[in-house]
Every structure is written in C-alpha cells, then in structure tokens.
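The exercises below are worked with the sequence and the structure side by side. Try each task before reading its solution.

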Amino acid sequence: MVGTGIRGITFWGKNVQDNYKENIEFVGLCDINPGRVAFAKQYMGVSCPTFTDFEEMVKQTKPDTVIVTTIDATHHLYIIKALEMGVEVMTEKPMTTDEDKCKAILDAEKKSGKKVIVGFNYRYGTLFTAIKEQLEKNAAGEMVSVDFNWYLNVYHGADYFRRWHAYKEKSGSLLVHKSTHHFDLLNWLIDSDPVEIMAYGSLDHYGKNGKFRSTNCRPCTFKSECKFYTDITKDVMLTDLYTNNEKYDGYLRDGCVFKEDINIYDKMSVQIRYANGVLVNYSLTTYSPYEGWRIAFNGKEGRLDSSEGIPWENEAINQEALHSKEFNKDSKTTETEHYDKIFVSKNFEKHQLIKVPVSKAGHGGGDQKLHDKIFKNPNAPDPYRHAAGTRDGAMSILIGIAARKSIEEKRIVKMRELTDIELMAKRG
Ligand SMILES: NC(=O)c1ccc[n+]([C@@H]2O[C@H](COP(=O)([O-])OP(=O)(O)OC[C@H]3O[C@@H](n4cnc5c(N)ncnc54)[C@H](O)[C@@H]3O)[C@@H](O)[C@H]2O)c1
C-alpha cells in the first residue's frame with residue numbers, strides 16, 4: 001500500500017487485514033510521512049516493513065498488487081511506476097486529476113499488459129444496484145434525461161475545505177474528487193458515454209467568504225464564534241494519525257475552512273449530453289443541513305425516482321454522527337435497519353413503489369461487495385458489470401475535468417478535446 005492516510009489504513013488496511021487474511025498478505029506499507037506509516041503498521045496489526053520510498057518498497061517486497069491511496073493528484077505517479085515494474089494496481093478514486101495524467105495511465109496500462117482496478121464502491125451499493133436492475137428492464141421506457149442532485153452536510157462538506165481537497169492542484173476540485181463517484185454512477189446507469197459538458201460553479205460560502213479565519217482550529221481565536229470549529233485532540237484516531245505527525249510534513253487535519261487561498265468551488269451545477277441523446281442535470285452542494293441525494297430518470301413511458309437521506313418524515317438524524325461513521329467503517333456489518341425506495345411511475349398507468357432493504361454496512365453494502373470482488377471472488381459472475389477498470393475511471397473523471405474547464409473558460413467542453421477514447425452510444 002502507498003498512502004497510509006485514513007482511507008488507506010481503515011478501509012483498504014485494517015478491514016482487509018481482518019476480513020481477508022486467508023486470501024491476502026500485506027508485504028509493505030509506504031507513505032512520505034514516516035510517522036504516519038509507522039502508526040499505520042501498528043493500527044493495521046501487520047508485521048510487514050514500512051518505507052518512505054515507493055520504488056524501494058516494490059523492489060524489496062515484490063508485491064502482486066499495489067493499493068494506491070495517496071492524495072488524488074499523486075495517484076498517477078504510483079499507478080504508472082507500479083505498472084512499469086510489472087505490478088497490478090488497485091487505485092482509489094478519482095483515478096487521477098487531469099487529462100494528461102489520465103492519458104499517461106491508460107498508455108502505461110496498455111504497454112504493461114497489467115491491470116488497474118478503480119475502487120468505485122458506490123456502484124456495488126444495494127440501492128444503486130436495484131436502480132440498475134430496473135433501468136435494464138426499461139422500467140420507464142427509453143431514457144431521455146436524468147436529474148441528479150447530491151447534498152453534502154455541513155460536517156462532511158466542510159471537511160473537504162479543511163485539508164488538501166480544498167486545492168484544485170491536489171484534488172482536481174470536488175468536481176473530480178467527489179463527483180467522480182456520481183459521474184461514474186451516471187455513466188454506468190445510463191450505459192452510454194458522455195460527449196459534451198457545460199458547467200457553472202463558484203465559491204460562495206467557505207474560503208475567502210468567512211468573516212474570520214486562522215490557519216487551523218487549535219490556535220484559532222474565534223473558537224466560540226465559529227460554527228465549524230472542531231477539537232481534533234478529542235479524537236484519538238485523528239490525533240494518532242495526523243496531529244502527532246504534523247512535525248514531518250506540516251499537514252494540518254483541522255485546517256480552517258475559511259482559508260483565503262482555497263480555490264475549489266463549493267456550489268456546482270453540470271449539464272451533460274450523452275452519446276445516446278440522454279441529457280443530465282447534476283448539482284453538488286457542500287453546506288446542506290442534511291446529507292443525501294435524489295435522482296430521477298425520465299423515460300418515454302414514465303419516470304423512475306429515488307433518493308436517500310432526505311428527512312421527509314422529520315427523522316432526527318444526527319448529521320455530525322453520520323459524518324463520523326465515515327471514519328469507522330466496518331465493511332462486514334450486514335444488519336438491515338429499514339428500506340430505501342424506488343418509485344416507478346408509468347404515463348397513464350399505475351405507480352409502483354419498490355422497497356429495497358437497507359444495509360448498514362458502508363456505502364449501502366457496496367464497500368463489502370467491492371472487497372469480496374477484489375480479494376475473495378475476482379472471477380465471480382458480474383451480471384450488472386459492477387467491476388470498474390481504467391476506462392470507467394477515465395470517463396468519470398473526464399466529466400469533472402471538462403466541467404472544471406467549462407467553468408474556467410465559460411464554454412461547452414467536448415470530451416473529444418480531452419481524450420481519444422472512442423465514445424460509444426451503448427457501452428454494454
Ligand atoms: N471511495 C471512497 O469513498 C473514498 C473515501 C475517502 C477517500 N478516498 C480516496 O482515498 C485517497 C486518500 O484519502 P484520505 O482521506 O485517506 O487522505 P489522507 O490525507 O488521510 O491520506 C493521504 C495520505 O497520502 C500521503 N501522501 C501525500 N502525498 C504523497 C505522496 N506524494 N506519496 C506518498 N504518499 C503521499 C499522506 O502523507 C497521507 O498519509 C484519496 O485519493 C481519496 O480520494 C476514497
């Protein structure tokens with residue numbers, strides 16, 4: 001593994017070590033921060049050596065697969081180097097952050113003959129799989145357009161503005177870092193390739209918009225006034241992983257959400273035209289009172305609606321606790337608590353409510369299914385084509401990259417400008 005931050009050591013680290021011991025063995029851990037990689041080894045309960053030099057790790061330990069969980073803008077360095085050294089790769093999303101790095105990854109994969117898996121966990125979720133099933137049955141007739149809105153609450157949304165995600169040069173902006181999940185879902189559910197993108201975006205709430213600011217929360221003099229103040233020292237895991245290792249790289253995990261130099265957007269709206277004629281209206285909000293999303297597929301014979309997290313019943317969901325769960329994913333939890341809904345309405349006909357049992361496990365059960373597919377049953381049948389490779393990784397980030405370009409250059413951006421991948425009306 002390279003990149004022993006929170007995602008690496010929990011989801012790809014301890015969870016995999018605890019649940020797939022009989023199938024895999026960690027042979028090396030690498031991070032540029034020596035303190036963090038030492039903590040990772042202890043936290044994951046592994047006995048392998050640790051490194052701060054990636055090439056040295058691969059040379060010495062000769063892994064079958066490298067797991068890449070570094071910050072987004074550096075994924076390409078390790079994906080390409082691993083492929084050149086004859087090693088397969090499992091990379092976290094987003095595959096990378098710009099079109100040139102994307103092409104370099106695709107070229108390296110082709111040249112090496114080795115495979116790259118992109119860890120798109122959302123696809124495997126129970127609700128999205130049930131939506132896919134309905135769409136494959138043509139539940140609303142031939143698809144013509146999609147409405148898709150994603151809401152990040154003030155805890156989860158704000159967290160992206162505390163650290164490296166807040167800079168386009170590190171995360172590609174949330175249109176790449178976060179929306180890659182959503183664009184991948186759209187590509188997979190619509191089953192066609194995007195051809196044209198138009199977007200708007202601005203920074204209206206975080207960054208320069210704050211009335212006061214500091215470098216980070218601990219020394220801040222506005223603690224009592226700031227709704228976004230957080231005391232990282234109360235969280236043992238965050239203290240062990242980040243605060244105790246600041247001395248090596250200056251990474252402040254409790255960075256101020258109102259830093260003047262934040263350059264990503266906090267409100268985004270994107271329109272996408274697909275090769276099969278489907279039009280998408282998508283938006284991402286980063287300071288919502290609740291976390292959730294809604295989607296609707298408009299067909300020639302009706303409409304399919306679904307949503308998650310919208311407190312219609314005035315449910316008292318603790319939004320802060322919801323965000324903390326992100327850091328404590330137990331991918332083996334399978335207990336179900338209630339059900340999600342898909343509503344299929346046919347023109348001039350009756351409506352149908354489909355109830356989908358909710359899994360409490362991470363990302364609607366998607367996390368465990370993704371792990372099973374990679375570490376347990378790589379050759380298991382995949383009727384809904386959940387498994388994602390570099391083409392899927394590329395198509396999803398390229399929508400975000402095109403959207404970013406569209407905002408910056410105030411124009412429609414064609415996928416053709418960014419890639420020579422052949423665009424297909426039906427991906428299949
Ligand atoms: N699929 C999901 O739901 C999901 C959720 C969270 C994070 N992620 C992805 O996981 C990755 C890691 O995110 P995180 O939240 O763990 O971030 P993090 O900041 O906790 O960890 C990143 C780690 O990378 C290390 N690093 C930075 N630059 C490096 C370099 N050049 N070489 C080697 N190591 C380097 C840092 O020291 C740090 O330990 C990101 O790509 C993120 O997009 C995916």
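**Exercise 1.** Which polar backbone atom lies 2.8 Å from an oxygen atom of the ligand, that is, to which residue does that atom belong?

Solution. The model is a predicted one.
- Step 1: The backbone atom belongs to Arg7, at 2.8 Å from a ligand oxygen.
- Step 2: Turn to side chains: an N or O atom of Trp164 is 2.9 Å from an oxygen atom of the ligand.
- Step 3: For Tyr242, a polar side-chain atom lies 2.5 Å from a ligand oxygen.
- Step 4: The ligand taken alone exposes 850 Å², and the protein buries 92% of that area.

**Exercise 2.** Describe the shell of residues around the ligand.

Solution.
- Step 1: The ligand has 26 residues around it, and those that come nearest are Asp31, Asp72, Tyr78, Tyr242 and Tyr251.
- Step 2: Sort the shell by residue class: eight are nonpolar, 11 polar and seven charged.
- Step 3: Assign helices: α1 (6–19) and α4 (75–84) each supply at least two shell residues.

**Exercise 3.** Is Ala139 buried or exposed? Place this residue in the chain and list its contacts.

Solution.
- Step 1: Ala139 sits in the loop that runs between α6 (126–136) and β6 (143–153).
- Step 2: The relative accessible area of Ala139 is 10%; the cut-off for buried is under 20%, so Ala139 is buried.
- Step 3: Leaving out residues up to four places away in sequence, Ala139 touches Gln134, Val344 and Lys346.
- Step 4: Glu291 is 152 residues from Ala139 in sequence, and their C-alpha atoms are 28 Å apart in space.

Methods:
Residues numbered from 1 in each chain as written. Predicted model: local features only at pLDDT ≥ 70, side-chain atom pairs only at ≥ 80, totals over all residues. Heavy atoms only, no water. Helix = DSSP H or I, 4+ residues; strand = E, 2+ residues; numbered from the N terminus. Buried < 20%, exposed > 50% of the residue type's maximum accessible area, 1.4 Å probe, protein only. Contact = heavy atoms within 4.5 Å. Near = heavy atom within 4 Å. Polar contact = N/O pair within 3.5 Å; in protein donor to acceptor, adjacent residues only side chain to side chain. Areas by Shrake-Rupley, 256 points an atom, 1.4 Å probe, with all protein chains shown as cover. Nonpolar A, V, L, I, M, F, W, Y, C, P; charged D, E, K, R; others polar.
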